[in-house]
Number of protein chains: 2
Amino acid sequence: MGSTATTTVPTNAELMEALAAVGAAYFQDFAAAAARHGLSSSQAKALGSVQEPVPMRALAGRLGCDASNVTGIVDRLESLGLAHREAAAGDRRVKIVVITDEGREILNRIRGEMARTHQAFEAMTDEQRVALHSICAQVLPVLAGRTGAAQ
Amino acid sequence: MGSTATTTVPTNAELMEALAAVGAAYFQDFAAAAARHGLSSSQAKALGSVQEPVPMRALAGRLGCDASNVTGIVDRLESLGLAHREAAAGDRRVKIVVITDEGREILNRIRGEMARTHQAFEAMTDEQRVALHSICAQVLPVLAGRTGAAQ
DNA sequence: TATTGTTATACTCTATAACTATA
DNA sequence: TATAGTTATAGAGTATAACAATA
């Protein structure tokens with residue numbers, strides 16, 4: 001079914017170009033919204049990655065960077081009162097990053113102020129929203145390299 | 001049509017999360033492929049932005065960064081033999097960045113070596129490919145802030 | 001006077017390596 | 001011996017400001 005349309009099936013190269021353009025535009029919108037609140041995109045991304053408490057090491061994994069970088073990023077979030085470090089229960093080596101109420105509020109504001117992104121989403125039909133979301137969900141595990149492994 | 005499915009229409013927040021995850025994973029695949037060829041992601045992005053000759057200033061616009069940064073990025077591409085500067089015909093102030101044959105070959109290799117991206121694309125049905133491509137095309141102008149203006 | 005490209009400067013992100021305190 | 005977090009360091013990206021050449 002669906003072979004009556006005159007639409008051409010896009011090549012991998014065309015899909016790559018489209019995805020790269022959308023990804024870059026999304027990121028710019030995100031970075032601009034974060035900057036309005038005095039956060040770099042890395043800091044804002046970190047803030048969004050600690051909605052549940054996360055050990056420093058695991059946060060590095062989520063951010064896709066070396067563990068040594070997380071120190072400075074969390075330092076800044078902590079100095080701004082957006083997150084704080086807590087001692088872990090079982091292992092005294094690990095520190096757990098916990099978002100504060102103010103951090104959560106700033107995060108929500110940043111996300112709410114991504115005007116272009118919201119504008120783009122609201123111009124989509126329900127069918128398009130469902131399609132985009134399900135395609136992303138299907139593609140993400142492969143793209144992120146989680147073929148069968150956990151975490 | 002399409003109201004028989006039990007699928008729920010995703011919220012803006014859910015779409016943002018999905019898009020952010022896919023965009024980040026795509027970017028990591030791109031950066032890793034570029035690094036294998038000794039290029040930073042900025043340099044590789046610049047290389048992909050000069051498939052047609054582009055003035056330095058316009059390249060800065062495409063990369064979404066200040067013009068002063070482009071000098072160093074193009075310096076490196078030039079020292080690697082992947083691009084070179086040419087004088088512009090009408091205006092002696094402007095320099096035009098032109099990709100070399102070797103630059104084009106490296107660019108094609110980088111794109112071809114984005115294994116996870118190709119893997120993700122090839123797991124998609126033709127319908128999904130068409131849907132993703134058309135959604136991206138529809139959403140991009142809004143997301144990139146080009147509501148009606150040219151270039 | 002305005003614009004293009006460059007340089008100088010400073011700040012941030014990033015990885016590597018070495019250090020500490022725990023395990 | 002290995003691991004979690006930190007520190008020190010160096011390289012690259014980024015923006016701001018000032019500059020030379022040209023328009």
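Two strands count as paired if DSSP finds at least two bridges between them. Helices (H or I, at least four residues) and strands (E, at least two) are DSSP runs, numbered from the N terminus.

Before we start, a word on the ground rules. This is a predicted model, in which local features need pLDDT of at least 70, side-chain atom pairs count only at pLDDT 80 or more, and totals for chains, interfaces and linings use all residues. Residues are numbered from 1 along each chain as its sequence is written, chains are lettered from A and ligands numbered from 1 in the order in which they are written, and side-chain values use heavy atoms, with hydrogens and water left out.

**Exercise 1: the sheet**

Work out the strand order of the sheet in chain A and find which strands stand at the edges.

Step 1. Chain A has an open sheet of 3 strands, with antiparallel pairing and the order E1-E3-E2.

Step 2. Strand E1 (54-55) and strand E2 (83-87) of chain A each have a single partner strand, so they stand at the edges and one side of each lacks a neighbour in the sheet.

Step 3. Now look at the pairing itself: E2(A) and E3(A), residues 95-99, are joined antiparallel over 5 bridges. Within E3(A), Ile96(A) is the residue opposite Glu86(A).

Step 4. Turn to chain B. Its strand E1 (residues 54-55) pairs antiparallel with E3 (residues 95-99) over 2 bridges, and there Pro55(B) faces Ile96(B). Strand E2 (residues 83-87) of chain B pairs with E3(B) over 5 bridges, again in the antiparallel sense; Ala87(B) stands opposite Lys95(B).

**Exercise 2: the symmetry**

Find the operation that lays chain A on chain B.

Step 1. Superpose by least squares on the C-alpha atoms of residues with pLDDT of at least 70 in both copies. A turn of 180° with a shift of 0.0 Å along the axis gives an RMSD of 0.1 Å.

Step 2. The two copies are therefore related as by a two-fold rotation axis.

Step 3. In chain A, the C-alpha nearest this axis belongs to Gly23(A), at 2.4 Å.

Step 4. Taking contact as heavy atoms within 4.5 Å, 98% of the contact residues of chain A recur in chain B, and the same surface serves both copies.

**Exercise 3: DNA strand D**

Describe the protein surroundings of DNA strand D, counting a residue as near if one of its heavy atoms lies within 4 Å.

Step 1. There are 21 residues around DNA strand D, the closest being Met56(A), Arg57(A), Arg93(A), Asp66(B) and Asn69(B). Of the atoms of DNA strand D that come within 4 Å of the protein, 67% belong to sugar and phosphate.

Step 2. Sort the residues by class: Ala, Val, Leu, Ile, Met, Phe, Trp, Tyr, Cys and Pro are nonpolar, Asp, Glu, Lys and Arg charged, and the others, Gly among them, polar. The result is 5 nonpolar, 7 polar and 9 charged.

Step 3. Ask which helix gives the largest share of this surface. That is H4(B), with 4 residues.

Step 4. List some pairs of N or O atoms within 3.5 Å, the cut-off for a polar contact. A polar backbone atom of Arg57(A) is 2.5 Å from a phosphate oxygen, a polar side-chain atom of Arg93(A) is 2.6 Å from a base oxygen, and one of Ser42(B) is 3.3 Å from a sugar or linking oxygen.

**Exercise 4: DNA strand C**

Repeat the analysis for DNA strand C.

Step 1. Here 20 residues surround the strand, with Ser40(A), Asp66(A), Asn69(A), Arg57(B) and Arg93(B) the closest. Sugar and phosphate make up 65% of the DNA strand C atoms that come within 4 Å of the protein.

Step 2. By class, this surface has 4 nonpolar, 7 polar and 9 charged residues.

Step 3. Phosphate oxygens of DNA strand C lie 2.5 Å from a polar side-chain atom of Ser40(A), 3.0 Å from a backbone N or O atom of Arg92(A) and 2.6 Å from a polar backbone atom of Arg57(B).

**Exercise 5: two residues**

Decide whether Thr117(B) and Gly38(B) are buried (under 20% relative accessible area) or exposed (over 50%), with partly exposed in between, using a 1.4 Å probe and protein chains only.

Step 1. Thr117(B) sits in helix H6 (residues 115-122) of chain B. Its relative accessible area is 0%, so Thr117(B) is buried. Leaving out residues up to four places away in sequence, Thr117(B) touches Met16(A), Leu143(A), Tyr26(B) and Asp29(B).

Step 2. Gly38(B) belongs to the loop between helix H1 (12-35) and H2 of chain B. At 55% relative accessibility, Gly38(B) is exposed.

Conventions:
Near = heavy atom within 4 Å. Polar contact = N/O pair within 3.5 Å; in protein donor to acceptor, adjacent residues only side chain to side chain.
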